Amino acid sequence: MSDVSDWNEAATELDEIVASFDEGEVSVDDLFAKLERATTIIEALEARLTATKAKVDELTPRIAKVAGGE
């Protein structure tokens, strides 16, 4: 996965990276690449969460307005 377009795929990939660390399966040669990829995934998912929260915050007053019958 070259990008982080799908949340579930990214989360699965991150879980696999963490599992490889937990199981001691990471060679010194692969350590940096896996840490870098994990960081990229975490940053991308965090950015998506922030963007989603902003959208929810924007829609909440509109939903409340409709629910309130205005």
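This short talk goes through the salt bridges, a nonpolar surface patch and one long separation in the structure above. Please keep in mind throughout that we are looking at a predicted model.

Let me start with the salt bridges, of which the structure holds 2. In one of them Arg37 pairs with Glu13, and the closest N and O atoms lie 2.9 Å apart. This pair links distant parts of the chain, since Arg37 belongs to helix H2 and Glu13 to helix H1, with their positions 24 residues apart in the numbering. Arg37 has a relative accessible area of 16% and is therefore buried, and Glu13, at 17%, is likewise classed as buried, the cut-off for that class being under 20%.

Asp57 and Lys53 also meet through their side chains in a salt bridge, here with an N to O distance of 2.7 Å. Because these two residues are 4 apart in helix H2, about one helical turn separates them. As for their surroundings, Asp57 counts as partly exposed at 43% relative accessibility, while Lys53, with a relative accessible area of 51%, is exposed.

Turning to the surface, Phe21, Leu31 and Leu35 make a nonpolar patch of about 230 Å². Of these residues, Leu31 sits in helix H2, which runs over residues 28–67, and its relative accessibility of 38% places Leu31 among the partly exposed residues.

Finally, I would point to Asn8, which is found in helix H1, covering residues 7–22, and which is exposed, with a relative accessible area of 57%. Between the C-alpha atoms of Asn8 and Thr60, which are 52 residues apart along the chain, the separation is 26 Å.

Note on methods: Residues numbered from 1 in each chain as written. Predicted model: local features only at pLDDT ≥ 70, side-chain atom pairs only at ≥ 80, totals over all residues. Heavy atoms only, no water. Patch = residues over 30% accessible without salt bridge, like charges linked within 9 Å, V, L, I, M, F, W, Y side chains within 5 Å. Areas by Shrake-Rupley, 256 points an atom, 1.4 Å probe, with all protein chains shown as cover. Salt bridge = Lys/Arg side-chain N within 4 Å of Asp/Glu carboxyl O. Buried < 20%, exposed > 50% of the residue type's maximum accessible area, 1.4 Å probe, protein only.
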